[in-house]
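Here is a short note for a colleague opening this entry for the first time. Please keep the sequence and the 3D view side by side while reading.

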Amino acid sequence: ELALKSLGSEGLFLFSSLDTNNDLYLSPEEFKPIAEKLTGVAPISEFEEEETPDPSGETLSVVAKFQPLVMETMTKSKDGFLGISHVALSGLRNWTAPAAPVSVMLARQFKAFLPPKNKLDLGDPWWIIPSELNIFTGYLSNNRFYPPPPKGKEIIIHRLLSMFHPRPFVKTRFAPQGAVACIQAISTFYYTIAFRIHAEFQLNEPPDFPFWFSPGQFTGHIILSKDSSHVREFKLFVPNKRSLNVDMEWLYGASESSNMEVDIGYLPQMELESTGPSIPSVIHDENGNVIDSRDPSGEPIQFVFEEITWQQEIPWEEAAQKLEVAMYPFKKVSYLPFTQAFERAKAEKKLVHSILLWGALDDHSGNTANHLSASLPMPGSGRTLRETVLESSPILALLNESFISSWSLVKELEELQTNRENEFYSKLADLHLEKYNFPVEMIICLPNGTVVHHINANYFLDITSMKPEDVESNIFSFSTNFEDPSTATYLQFLKEGLQRAKPYLQT
(Lines give C-alpha, C1' and ligand atoms only; values in the text may rest on other atoms or scores of the structure.)
Protein backbone atom coordinates (compact mmCIF):
# COMPACT_ATOMS: atom_id res chain seq x y z
CA GLU A 1 0.00 0.00 0.00
CA LEU A 2 2.86 2.34 0.86
CA ALA A 3 4.51 1.59 -2.50
CA LEU A 4 1.23 2.29 -4.29
CA LYS A 5 0.87 5.58 -2.41
CA SER A 6 4.43 6.63 -3.30
CA LEU A 7 4.47 5.56 -6.92
CA GLY A 8 0.86 5.44 -8.13
CA SER A 9 -0.46 2.39 -9.96
CA GLU A 10 1.57 2.87 -13.16
CA GLY A 11 4.79 3.60 -11.25
CA LEU A 12 4.24 0.51 -9.10
CA PHE A 13 3.58 -1.53 -12.23
CA LEU A 14 6.97 -0.53 -13.69
CA PHE A 15 8.70 -1.07 -10.32
CA SER A 16 7.24 -4.55 -9.90
CA SER A 17 8.13 -5.50 -13.50
CA LEU A 18 11.78 -4.93 -12.50
CA ASP A 19 11.48 -6.38 -8.98
CA THR A 20 11.83 -10.00 -10.08
CA ASN A 21 11.97 -11.51 -6.57
CA ASN A 22 9.11 -9.32 -5.24
CA ASP A 23 11.05 -8.11 -2.18
CA LEU A 24 10.12 -4.42 -2.84
CA TYR A 25 13.84 -3.64 -3.24
CA LEU A 26 15.68 -3.18 -6.55
CA SER A 27 19.11 -4.80 -6.57
CA PRO A 28 21.72 -3.47 -9.05
CA GLU A 29 21.04 -6.56 -11.22
CA GLU A 30 17.29 -5.78 -11.27
CA PHE A 31 17.92 -2.07 -12.00
CA LYS A 32 20.34 -2.91 -14.86
CA PRO A 33 17.79 -2.70 -17.75
CA ILE A 34 16.84 0.86 -16.73
CA ALA A 35 20.51 1.88 -16.32
CA GLU A 36 21.26 0.55 -19.80
CA LYS A 37 18.21 2.33 -21.21
CA LEU A 38 19.11 5.70 -19.64
CA THR A 39 22.86 5.61 -20.31
CA GLY A 40 22.72 3.76 -23.62
CA VAL A 41 25.70 1.69 -22.44
CA ALA A 42 25.52 -2.05 -21.81
CA PRO A 43 28.33 -3.31 -19.55
CA ILE A 44 30.25 -6.36 -20.75
CA SER A 45 28.54 -9.25 -19.08
CA GLU A 46 30.36 -12.09 -17.37
CA PHE A 47 29.65 -14.59 -20.10
CA GLU A 48 31.06 -12.32 -22.81
CA GLU A 49 34.26 -11.88 -20.79
CA GLU A 50 34.60 -15.66 -20.60
CA GLU A 51 34.31 -15.97 -24.36
CA THR A 52 37.76 -14.74 -25.33
CA PRO A 53 38.15 -16.19 -28.79
CA ASP A 54 40.63 -19.01 -29.03
CA PRO A 55 43.24 -17.56 -31.48
CA SER A 56 42.93 -20.66 -33.63
CA GLY A 57 39.14 -20.91 -33.19
CA GLU A 58 36.66 -20.60 -36.02
CA THR A 59 33.92 -18.03 -36.58
CA LEU A 60 30.49 -18.48 -38.17
CA SER A 61 28.60 -15.75 -40.03
CA VAL A 62 24.83 -15.87 -39.48
CA VAL A 63 22.25 -13.87 -41.46
CA ALA A 64 18.75 -12.96 -40.19
CA LYS A 65 15.75 -12.83 -42.54
CA PHE A 66 12.52 -11.31 -41.27
CA GLN A 67 9.19 -10.32 -42.77
CA PRO A 68 6.88 -8.59 -40.27
CA LEU A 69 3.55 -9.94 -39.10
CA VAL A 70 0.76 -9.55 -41.67
CA MET A 71 -1.54 -7.21 -39.71
CA GLU A 72 -4.62 -8.21 -41.76
CA THR A 73 -4.37 -11.78 -40.38
CA MET A 74 -5.11 -10.58 -36.85
CA THR A 75 -8.72 -11.13 -35.82
CA LYS A 76 -8.84 -7.56 -34.47
CA SER A 77 -8.05 -6.21 -37.96
CA LYS A 78 -11.57 -7.21 -39.08
CA ASP A 79 -13.07 -4.28 -37.14
CA GLY A 80 -10.12 -2.00 -37.95
CA PHE A 81 -8.54 -2.55 -34.50
CA LEU A 82 -11.50 -0.76 -32.99
CA GLY A 83 -10.92 0.24 -29.38
CA ILE A 84 -7.22 -0.68 -29.48
CA SER A 85 -4.97 2.28 -28.79
CA HIS A 86 -2.25 2.93 -31.35
CA VAL A 87 0.30 2.83 -28.52
CA ALA A 88 -0.55 -0.79 -27.62
CA LEU A 89 0.45 -2.00 -31.09
CA SER A 90 3.35 0.43 -31.60
CA GLY A 91 6.05 -2.15 -30.74
CA LEU A 92 4.50 -4.56 -33.25
CA ARG A 93 4.01 -2.00 -36.04
CA ASN A 94 7.56 -0.63 -35.63
CA TRP A 95 9.21 -4.06 -35.82
CA THR A 96 9.80 -4.24 -39.55
CA ALA A 97 13.39 -5.55 -39.78
CA PRO A 98 15.76 -7.75 -37.77
CA ALA A 99 17.68 -5.99 -34.97
CA ALA A 100 20.98 -7.41 -36.35
CA PRO A 101 20.85 -8.54 -40.00
CA VAL A 102 24.30 -10.21 -39.70
CA SER A 103 26.27 -11.57 -36.74
CA VAL A 104 29.66 -13.29 -36.48
CA MET A 105 29.80 -15.91 -33.74
CA LEU A 106 32.38 -18.31 -32.42
CA ALA A 107 31.91 -21.89 -33.60
CA ARG A 108 32.63 -23.16 -30.07
CA GLN A 109 29.63 -21.25 -28.70
CA PHE A 110 27.45 -23.81 -30.51
CA LYS A 111 28.70 -26.62 -28.30
CA ALA A 112 25.47 -26.07 -26.29
CA PHE A 113 23.81 -28.09 -29.11
CA LEU A 114 26.03 -31.17 -28.59
CA PRO A 115 24.35 -34.25 -27.08
CA PRO A 116 25.01 -35.41 -23.51
CA LYS A 117 26.97 -38.70 -23.30
CA ASN A 118 23.81 -40.74 -22.58
CA LYS A 119 21.89 -39.43 -25.65
CA LEU A 120 23.96 -40.67 -28.59
CA ASP A 121 21.20 -42.67 -30.34
CA LEU A 122 19.41 -41.25 -33.38
CA GLY A 123 16.14 -39.54 -32.44
CA ASP A 124 16.63 -39.83 -28.66
CA PRO A 125 15.64 -36.34 -27.38
CA TRP A 126 17.36 -34.33 -24.63
CA TRP A 127 16.70 -30.86 -23.18
CA ILE A 128 19.13 -28.07 -24.05
CA ILE A 129 17.05 -25.78 -21.81
CA PRO A 130 14.76 -27.82 -19.55
CA SER A 131 11.13 -26.76 -19.08
CA GLU A 132 10.60 -25.60 -15.49
CA LEU A 133 6.84 -25.22 -15.74
CA ASN A 134 4.01 -27.73 -15.56
CA ILE A 135 0.30 -27.75 -14.79
CA PHE A 136 1.07 -27.45 -11.06
CA THR A 137 3.62 -24.62 -11.17
CA GLY A 138 1.33 -22.31 -13.16
CA TYR A 139 2.96 -19.72 -15.39
CA LEU A 140 5.38 -16.79 -15.24
CA SER A 141 4.34 -13.15 -14.85
CA ASN A 142 3.03 -11.16 -17.82
CA ASN A 143 4.22 -7.98 -16.13
CA ARG A 144 7.83 -7.96 -17.40
CA PHE A 145 9.69 -5.90 -19.96
CA TYR A 146 13.30 -7.06 -19.76
CA PRO A 147 14.55 -10.65 -20.05
CA PRO A 148 16.53 -12.11 -17.15
CA PRO A 149 20.27 -12.50 -17.93
CA PRO A 150 20.75 -15.83 -19.78
CA LYS A 151 22.84 -18.51 -18.10
CA GLY A 152 24.72 -21.57 -19.38
CA LYS A 153 23.22 -23.02 -22.55
CA GLU A 154 20.61 -20.23 -22.68
CA ILE A 155 23.37 -17.79 -23.72
CA ILE A 156 23.80 -18.93 -27.34
CA ILE A 157 20.02 -19.18 -27.88
CA HIS A 158 19.51 -15.71 -26.38
CA ARG A 159 22.25 -14.34 -28.62
CA LEU A 160 20.76 -15.91 -31.76
CA LEU A 161 17.21 -14.71 -31.00
CA SER A 162 18.54 -11.20 -30.20
CA MET A 163 19.32 -10.90 -33.91
CA PHE A 164 15.56 -10.60 -34.47
CA HIS A 165 14.67 -8.32 -31.55
CA PRO A 166 16.56 -6.95 -28.51
CA ARG A 167 14.21 -8.49 -25.91
CA PRO A 168 13.93 -12.27 -26.37
CA PHE A 169 12.78 -14.40 -23.44
CA VAL A 170 14.38 -17.84 -23.86
CA LYS A 171 11.95 -19.22 -21.29
CA THR A 172 8.30 -18.68 -22.20
CA ARG A 173 5.66 -17.72 -19.64
CA PHE A 174 3.69 -20.92 -20.33
CA ALA A 175 4.57 -24.59 -20.55
CA PRO A 176 6.10 -26.27 -22.40
CA GLN A 177 9.05 -23.91 -22.28
CA GLY A 178 12.70 -24.53 -23.09
CA ALA A 179 14.58 -26.14 -25.97
CA VAL A 180 14.81 -29.79 -26.97
CA ALA A 181 17.13 -31.54 -29.46
CA CYS A 182 17.98 -34.95 -30.92
CA ILE A 183 20.61 -36.42 -33.25
CA GLN A 184 19.38 -36.68 -36.83
CA ALA A 185 22.60 -37.99 -38.42
CA ILE A 186 26.03 -39.29 -37.34
CA SER A 187 29.37 -39.48 -39.18
CA THR A 188 32.88 -40.22 -37.89
CA PHE A 189 33.50 -36.58 -36.91
CA TYR A 190 30.12 -34.82 -37.21
CA TYR A 191 26.54 -34.76 -35.93
CA THR A 192 23.42 -33.26 -37.51
CA ILE A 193 21.33 -32.08 -34.58
CA ALA A 194 17.62 -31.22 -34.99
CA PHE A 195 16.19 -28.80 -32.40
CA ARG A 196 12.98 -27.10 -31.32
CA ILE A 197 12.87 -23.95 -29.16
CA HIS A 198 9.92 -22.25 -27.43
CA ALA A 199 10.75 -18.59 -26.85
CA GLU A 200 8.94 -15.25 -27.03
CA PHE A 201 9.66 -11.52 -27.35
CA GLN A 202 8.58 -8.46 -25.40
CA LEU A 203 7.89 -5.75 -27.98
CA ASN A 204 7.03 -2.81 -25.70
CA GLU A 205 8.99 -0.80 -23.14
CA PRO A 206 7.87 1.59 -20.36
CA PRO A 207 5.84 3.77 -20.26
CA ASP A 208 3.79 1.46 -22.56
CA PHE A 209 2.31 -1.74 -21.17
CA PRO A 210 3.77 -5.16 -22.05
CA PHE A 211 3.09 -6.70 -25.46
CA TRP A 212 4.09 -10.39 -25.79
CA PHE A 213 4.90 -11.86 -29.21
CA SER A 214 5.07 -15.68 -29.12
CA PRO A 215 5.85 -17.57 -32.33
CA GLY A 216 4.44 -21.11 -32.34
CA GLN A 217 7.97 -22.56 -32.29
CA PHE A 218 11.49 -22.10 -33.59
CA THR A 219 12.94 -25.20 -35.21
CA GLY A 220 15.98 -26.04 -37.29
CA HIS A 221 19.22 -28.01 -37.48
CA ILE A 222 22.95 -27.65 -37.00
CA ILE A 223 25.76 -29.74 -38.51
CA LEU A 224 28.77 -29.49 -36.21
CA SER A 225 31.92 -31.41 -35.39
CA LYS A 226 31.84 -33.65 -32.32
CA ASP A 227 34.41 -31.39 -30.58
CA SER A 228 32.38 -28.25 -31.61
CA SER A 229 35.45 -26.66 -33.25
CA HIS A 230 33.69 -26.45 -36.64
CA VAL A 231 30.10 -25.70 -37.70
CA ARG A 232 29.28 -26.82 -41.23
CA GLU A 233 25.71 -25.52 -41.39
CA PHE A 234 23.14 -23.80 -39.16
CA LYS A 235 19.49 -22.92 -39.76
CA LEU A 236 16.73 -21.78 -37.37
CA PHE A 237 13.21 -20.68 -38.43
CA VAL A 238 9.58 -20.22 -37.43
CA PRO A 239 7.47 -22.68 -39.49
CA ASN A 240 5.06 -20.80 -41.78
CA LYS A 241 3.00 -23.63 -43.30
CA ARG A 242 -0.14 -23.08 -41.17
CA SER A 243 -2.33 -20.03 -41.67
CA LEU A 244 -1.61 -18.67 -38.16
CA ASN A 245 1.69 -19.09 -36.36
CA VAL A 246 2.03 -16.34 -33.73
CA ASP A 247 0.21 -15.64 -30.48
CA MET A 248 0.08 -12.03 -29.23
CA GLU A 249 -1.04 -10.75 -25.84
CA TRP A 250 -0.97 -7.27 -24.43
CA LEU A 251 -1.97 -5.71 -21.14
CA TYR A 252 -4.25 -2.72 -20.82
CA GLY A 253 -3.49 -1.61 -17.32
CA ALA A 254 -0.96 -1.38 -14.55
CA SER A 255 -1.49 -4.71 -12.80
CA GLU A 256 -1.18 -8.44 -13.37
CA SER A 257 -4.98 -8.74 -13.24
CA SER A 258 -5.52 -5.95 -15.81
CA ASN A 259 -7.46 -6.71 -18.94
CA MET A 260 -5.43 -8.62 -21.45
CA GLU A 261 -6.13 -8.52 -25.16
CA VAL A 262 -5.18 -11.59 -27.14
CA ASP A 263 -4.89 -12.28 -30.84
CA ILE A 264 -3.21 -14.56 -33.35
CA GLY A 265 -1.63 -13.77 -36.68
CA TYR A 266 0.63 -14.89 -39.50
CA LEU A 267 4.37 -14.25 -39.70
CA PRO A 268 5.66 -15.02 -43.22
CA GLN A 269 9.37 -15.25 -42.38
CA MET A 270 11.63 -15.34 -39.32
CA GLU A 271 14.84 -17.27 -39.88
CA LEU A 272 18.57 -17.39 -39.23
CA GLU A 273 21.00 -19.14 -41.55
CA SER A 274 24.78 -19.50 -41.71
CA THR A 275 26.31 -17.97 -44.85
CA GLY A 276 28.69 -20.96 -45.14
CA PRO A 277 30.80 -23.22 -42.92
CA SER A 278 32.73 -21.69 -39.99
CA ILE A 279 36.25 -20.57 -40.92
CA PRO A 280 39.46 -20.01 -38.91
CA SER A 281 39.77 -16.49 -37.51
CA VAL A 282 43.55 -16.79 -37.92
CA ILE A 283 45.26 -18.78 -40.67
CA HIS A 284 48.65 -20.50 -40.24
CA ASP A 285 50.99 -21.83 -42.92
CA GLU A 286 52.62 -25.27 -42.68
CA ASN A 287 55.41 -23.79 -40.50
CA GLY A 288 52.92 -22.37 -38.01
CA ASN A 289 53.34 -18.76 -39.14
CA VAL A 290 50.27 -16.50 -39.30
CA ILE A 291 49.40 -15.62 -42.89
CA ASP A 292 47.08 -13.03 -44.42
CA SER A 293 43.50 -14.19 -44.94
CA ARG A 294 43.60 -12.64 -48.44
CA ASP A 295 45.70 -13.74 -51.39
CA PRO A 296 48.11 -11.30 -53.14
CA SER A 297 45.30 -9.99 -55.38
CA GLY A 298 43.23 -9.09 -52.30
CA GLU A 299 40.68 -11.88 -52.74
CA PRO A 300 39.72 -13.85 -49.59
CA ILE A 301 41.42 -17.25 -49.37
CA GLN A 302 39.04 -20.01 -50.42
CA PHE A 303 38.68 -22.92 -48.01
CA VAL A 304 37.99 -26.45 -49.16
CA PHE A 305 35.87 -28.59 -46.83
CA GLU A 306 35.84 -32.36 -46.84
CA GLU A 307 32.67 -34.15 -47.87
CA ILE A 308 30.79 -35.58 -44.85
CA THR A 309 29.77 -39.23 -45.20
CA TRP A 310 26.84 -39.98 -42.91
CA GLN A 311 26.91 -43.50 -41.41
CA GLN A 312 23.47 -43.31 -39.77
CA GLU A 313 20.57 -40.92 -40.28
CA ILE A 314 16.83 -40.53 -39.87
CA PRO A 315 14.50 -38.31 -41.97
CA TRP A 316 13.85 -34.74 -40.79
CA GLU A 317 10.12 -35.55 -40.29
CA GLU A 318 10.98 -38.36 -37.87
CA ALA A 319 13.37 -36.16 -35.86
CA ALA A 320 10.77 -33.33 -35.73
CA GLN A 321 8.12 -35.80 -34.52
CA LYS A 322 10.44 -37.00 -31.69
CA LEU A 323 10.98 -33.40 -30.58
CA GLU A 324 7.25 -32.70 -30.72
CA VAL A 325 6.44 -35.70 -28.49
CA ALA A 326 9.18 -34.60 -26.04
CA MET A 327 7.53 -31.16 -25.79
CA TYR A 328 3.97 -32.53 -25.89
CA PRO A 329 3.47 -36.09 -24.53
CA PHE A 330 -0.16 -35.99 -25.79
CA LYS A 331 1.37 -36.35 -29.28
CA LYS A 332 2.09 -40.04 -28.53
CA VAL A 333 -1.21 -40.29 -30.40
CA SER A 334 -0.83 -39.18 -34.03
CA TYR A 335 -2.93 -36.11 -34.86
CA LEU A 336 -3.54 -36.15 -38.61
CA PRO A 337 -4.52 -33.22 -40.85
CA PHE A 338 -8.34 -32.83 -40.98
CA THR A 339 -9.16 -34.40 -44.36
CA GLN A 340 -6.53 -37.14 -43.97
CA ALA A 341 -8.09 -38.17 -40.63
CA PHE A 342 -11.45 -38.90 -42.30
CA GLU A 343 -9.79 -40.91 -45.08
CA ARG A 344 -7.88 -42.99 -42.51
CA ALA A 345 -11.00 -43.45 -40.34
CA LYS A 346 -12.92 -44.76 -43.34
CA ALA A 347 -10.13 -47.19 -44.26
CA GLU A 348 -9.72 -48.46 -40.67
CA LYS A 349 -13.46 -48.31 -39.78
CA LYS A 350 -12.80 -46.07 -36.78
CA LEU A 351 -14.32 -42.86 -35.40
CA VAL A 352 -12.66 -39.46 -35.71
CA HIS A 353 -11.69 -37.72 -32.44
CA SER A 354 -11.35 -34.10 -33.50
CA ILE A 355 -10.36 -30.97 -31.58
CA LEU A 356 -11.42 -27.69 -33.15
CA LEU A 357 -9.84 -24.57 -31.72
CA TRP A 358 -9.02 -20.95 -32.32
CA GLY A 359 -5.22 -21.31 -31.91
CA ALA A 360 -2.90 -24.29 -32.43
CA LEU A 361 -2.87 -27.20 -29.99
CA ASP A 362 0.80 -28.10 -30.47
CA ASP A 363 2.42 -24.67 -30.73
CA HIS A 364 2.83 -21.78 -28.40
CA SER A 365 0.43 -19.96 -30.70
CA GLY A 366 -2.19 -22.24 -29.15
CA ASN A 367 -1.95 -20.34 -25.90
CA THR A 368 -4.31 -17.65 -27.16
CA ALA A 369 -7.22 -20.03 -27.43
CA ASN A 370 -6.25 -21.19 -24.02
CA HIS A 371 -6.40 -17.86 -22.22
CA LEU A 372 -9.69 -16.86 -23.68
CA SER A 373 -12.00 -18.74 -21.40
CA ALA A 374 -12.14 -15.85 -18.99
CA SER A 375 -14.50 -17.66 -16.66
CA LEU A 376 -11.87 -20.29 -15.89
CA PRO A 377 -9.66 -20.05 -12.84
CA MET A 378 -6.81 -21.71 -14.77
CA PRO A 379 -4.86 -20.38 -17.75
CA GLY A 380 -7.14 -21.76 -20.38
CA SER A 381 -8.77 -24.71 -21.94
CA GLY A 382 -6.54 -25.81 -24.84
CA ARG A 383 -3.40 -25.86 -22.72
CA THR A 384 -5.17 -27.50 -19.79
CA LEU A 385 -6.48 -30.28 -22.05
CA ARG A 386 -3.06 -30.72 -23.57
CA GLU A 387 -1.27 -30.99 -20.23
CA THR A 388 -3.79 -33.19 -18.43
CA VAL A 389 -6.36 -35.44 -20.08
CA LEU A 390 -4.75 -35.76 -23.53
CA GLU A 391 -1.48 -36.88 -21.90
CA SER A 392 -2.96 -39.45 -19.50
CA SER A 393 -2.25 -43.14 -20.18
CA PRO A 394 -5.88 -44.41 -20.28
CA ILE A 395 -6.86 -41.66 -22.77
CA LEU A 396 -3.79 -42.29 -24.95
CA ALA A 397 -4.58 -46.03 -24.96
CA LEU A 398 -8.26 -45.60 -25.94
CA LEU A 399 -7.48 -42.99 -28.62
CA ASN A 400 -4.84 -45.24 -30.18
CA GLU A 401 -7.16 -48.25 -30.11
CA SER A 402 -10.48 -46.86 -31.32
CA PHE A 403 -10.06 -43.42 -32.89
CA ILE A 404 -8.22 -41.46 -35.55
CA SER A 405 -7.32 -38.09 -34.00
CA SER A 406 -7.07 -34.68 -35.60
CA TRP A 407 -6.96 -31.04 -34.53
CA SER A 408 -7.81 -28.04 -36.70
CA LEU A 409 -7.92 -24.28 -36.58
CA VAL A 410 -11.33 -22.66 -37.06
CA LYS A 411 -9.79 -20.44 -39.75
CA GLU A 412 -8.59 -23.47 -41.74
CA LEU A 413 -12.03 -25.12 -41.65
CA GLU A 414 -13.70 -21.86 -42.68
CA GLU A 415 -11.44 -21.85 -45.76
CA LEU A 416 -12.23 -25.54 -46.44
CA GLN A 417 -15.95 -24.84 -46.04
CA THR A 418 -15.87 -22.41 -48.99
CA ASN A 419 -13.85 -24.83 -51.14
CA ARG A 420 -16.31 -25.78 -53.86
CA GLU A 421 -13.80 -28.02 -55.65
CA ASN A 422 -14.35 -30.79 -53.13
CA GLU A 423 -17.93 -30.91 -51.88
CA PHE A 424 -17.19 -33.74 -49.42
CA TYR A 425 -14.40 -31.80 -47.64
CA SER A 426 -16.59 -28.70 -47.64
CA LYS A 427 -19.42 -30.70 -46.02
CA LEU A 428 -17.04 -32.15 -43.38
CA ALA A 429 -15.92 -28.63 -42.43
CA ASP A 430 -19.55 -27.50 -42.37
CA LEU A 431 -20.63 -30.26 -39.95
CA HIS A 432 -17.72 -29.41 -37.63
CA LEU A 433 -18.22 -25.65 -37.60
CA GLU A 434 -21.95 -26.14 -36.88
CA LYS A 435 -20.99 -27.64 -33.50
CA TYR A 436 -18.13 -25.25 -32.68
CA ASN A 437 -18.29 -22.98 -29.66
CA PHE A 438 -15.45 -20.69 -28.64
CA PRO A 439 -12.66 -21.38 -27.68
CA VAL A 440 -12.25 -25.19 -28.05
CA GLU A 441 -14.73 -27.91 -29.07
CA MET A 442 -14.01 -31.65 -28.79
CA ILE A 443 -15.96 -33.60 -31.42
CA ILE A 444 -16.49 -37.31 -32.11
CA CYS A 445 -17.76 -38.17 -35.56
CA LEU A 446 -18.22 -40.91 -38.11
CA PRO A 447 -15.92 -41.22 -41.15
CA ASN A 448 -18.67 -39.44 -43.19
CA GLY A 449 -18.50 -36.40 -40.87
CA THR A 450 -21.73 -37.02 -38.90
CA VAL A 451 -21.18 -35.74 -35.37
CA VAL A 452 -22.22 -38.29 -32.74
CA HIS A 453 -20.96 -36.46 -29.65
CA HIS A 454 -19.27 -33.16 -28.76
CA ILE A 455 -18.40 -31.08 -25.70
CA ASN A 456 -17.03 -27.57 -25.25
CA ALA A 457 -13.74 -27.33 -23.36
CA ASN A 458 -15.02 -24.62 -20.99
CA TYR A 459 -18.05 -26.73 -20.04
CA PHE A 460 -15.82 -29.79 -19.66
CA LEU A 461 -13.43 -27.92 -17.35
CA ASP A 462 -16.31 -26.43 -15.38
CA ILE A 463 -17.91 -29.79 -14.66
CA THR A 464 -14.61 -31.51 -13.84
CA SER A 465 -13.76 -28.77 -11.36
CA MET A 466 -17.06 -29.42 -9.51
CA LYS A 467 -17.54 -32.03 -6.84
CA PRO A 468 -19.24 -35.13 -8.33
CA GLU A 469 -22.33 -34.64 -6.15
CA ASP A 470 -22.80 -31.12 -7.54
CA VAL A 471 -23.09 -32.26 -11.16
CA GLU A 472 -26.81 -32.18 -11.93
CA SER A 473 -26.66 -33.98 -15.25
CA ASN A 474 -25.44 -37.52 -15.56
CA ILE A 475 -24.35 -36.94 -19.16
CA PHE A 476 -20.80 -37.23 -17.91
CA SER A 477 -20.84 -39.41 -14.86
CA PHE A 478 -17.72 -39.84 -12.76
CA SER A 479 -15.92 -43.15 -12.70
CA THR A 480 -14.34 -44.33 -9.49
CA ASN A 481 -11.51 -46.09 -11.35
CA PHE A 482 -9.48 -42.89 -11.69
CA GLU A 483 -8.60 -40.35 -9.09
CA ASP A 484 -8.48 -37.55 -11.63
CA PRO A 485 -12.06 -36.46 -12.49
CA SER A 486 -11.00 -34.85 -15.79
CA THR A 487 -9.43 -38.12 -17.06
CA ALA A 488 -12.51 -40.06 -15.93
CA THR A 489 -14.85 -37.58 -17.60
CA TYR A 490 -12.94 -37.47 -20.89
CA LEU A 491 -12.82 -41.27 -20.94
CA GLN A 492 -16.58 -41.30 -20.41
CA PHE A 493 -17.01 -38.79 -23.27
CA LEU A 494 -15.00 -41.04 -25.64
CA LYS A 495 -16.82 -44.21 -24.56
CA GLU A 496 -20.23 -42.58 -25.01
CA GLY A 497 -19.14 -41.48 -28.48
CA LEU A 498 -18.26 -45.10 -29.31
CA GLN A 499 -21.62 -46.27 -27.87
CA ARG A 500 -23.63 -43.73 -29.90
CA ALA A 501 -21.75 -44.65 -33.08
CA LYS A 502 -22.35 -48.39 -32.75
CA PRO A 503 -25.56 -48.53 -34.84
CA TYR A 504 -23.80 -46.67 -37.70
CA LEU A 505 -20.59 -48.69 -37.55
CA GLN A 506 -22.44 -52.03 -37.59
CA THR A 507 -24.28 -51.29 -40.83
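The points below go from the whole chain to a sheet, a helix and one arginine.

1. **The model and the chain.** This is a predicted model. The chain has 507 residues, and 50% of them are buried. Its secondary structure comes to 14 helices and 22 strands.

2. **Contacts and surface.** Take the contacts in the chain with a separation of 6 or more: residues 24 or more positions apart account for 71% of them. The accessible surface is about 24,200 Å². Carbon and sulfur atoms hold 53% of that surface.

3. **A five-stranded sheet.** One open sheet runs in the order E4-E7-E8-E11-E12, and its pairing is antiparallel. Its edges are E4 and strand E12 (260-265), each of which pairs on one side only.

4. **Inside that sheet.** Look at strand E8 (residues 211-215) and strand E11 (residues 246-251). They run antiparallel and are joined by five bridges. To find the register, start at serine 214: its bridge partner in E11 is aspartate 247.

5. **Helix H6, length.** Helix H6 covers residues 316-327, 12 residues in total. At 1.5 Å a residue, the helix should span 16 Å. The C-alpha atoms at its ends are 17 Å apart, so the model agrees with the expected span.

6. **Helix H6, buried face.** Which residues of H6 are buried? They are Ala319, Leu323, Glu324 and Met327. Viewed down the axis of H6, these buried residues fall within an arc of 140°, so they line one face of the helix. The spacing fits a general rule: an α-helix has 3.6 residues a turn, so residues three or four places apart point the same way. The cover over the buried residues of H6 includes strands E3 (126-129), E5 (178-186) and E6 (190-198).

7. **Arginine 167, setting.** Is arginine 167 buried or exposed? Its relative accessible area is 9%, under the 20% cut-off, so arginine 167 counts as buried. Arginine 167 sits in the loop between helix H5 (154-161) and strand E4 (168-169).

8. **Arginine 167, neighbours.** Leaving out residues up to four places away in sequence, arginine 167 touches Phe145, Tyr146, Pro147, Glu200, Phe201, Gln202, Leu203, Asn204 and Glu205. The side chain of arginine 167 reaches the backbone oxygen of glutamine 202 at 3.1 Å. A polar contact of 3.5 Å joins the side chains of arginine 167 and glutamate 205. Those two residues are 38 residues apart in sequence, and their C-alpha atoms are 9.7 Å apart in space.

Definitions and conventions
Residues are numbered from 1 along each chain as its sequence is written. This is a predicted model: local features need pLDDT of at least 70, side-chain atom pairs count only at pLDDT 80 or more; totals for chains, interfaces and linings use all residues. Side-chain values use heavy atoms; hydrogens and water are left out. Helices (H or I, at least four residues) and strands (E, at least two) are DSSP runs, numbered from the N terminus. Buried means under 20% relative accessible area, exposed over 50%, partly exposed in between (1.4 Å probe, protein chains only). Contact means heavy atoms within 4.5 Å. A polar contact is a pair of N or O atoms within 3.5 Å; within protein, one must be able to donate a hydrogen and the other to accept it, and residues adjacent in sequence count only if both atoms are side-chain atoms. Accessible areas come from the Shrake-Rupley method with a 1.4 Å probe; for residues, only the protein chains shown count as cover. Two strands pair if DSSP finds at least two bridges between them. The expected span of a helix is 1.5 Å times one less than its number of residues. The arc is that of the directions from the helix axis to the C-beta atoms.
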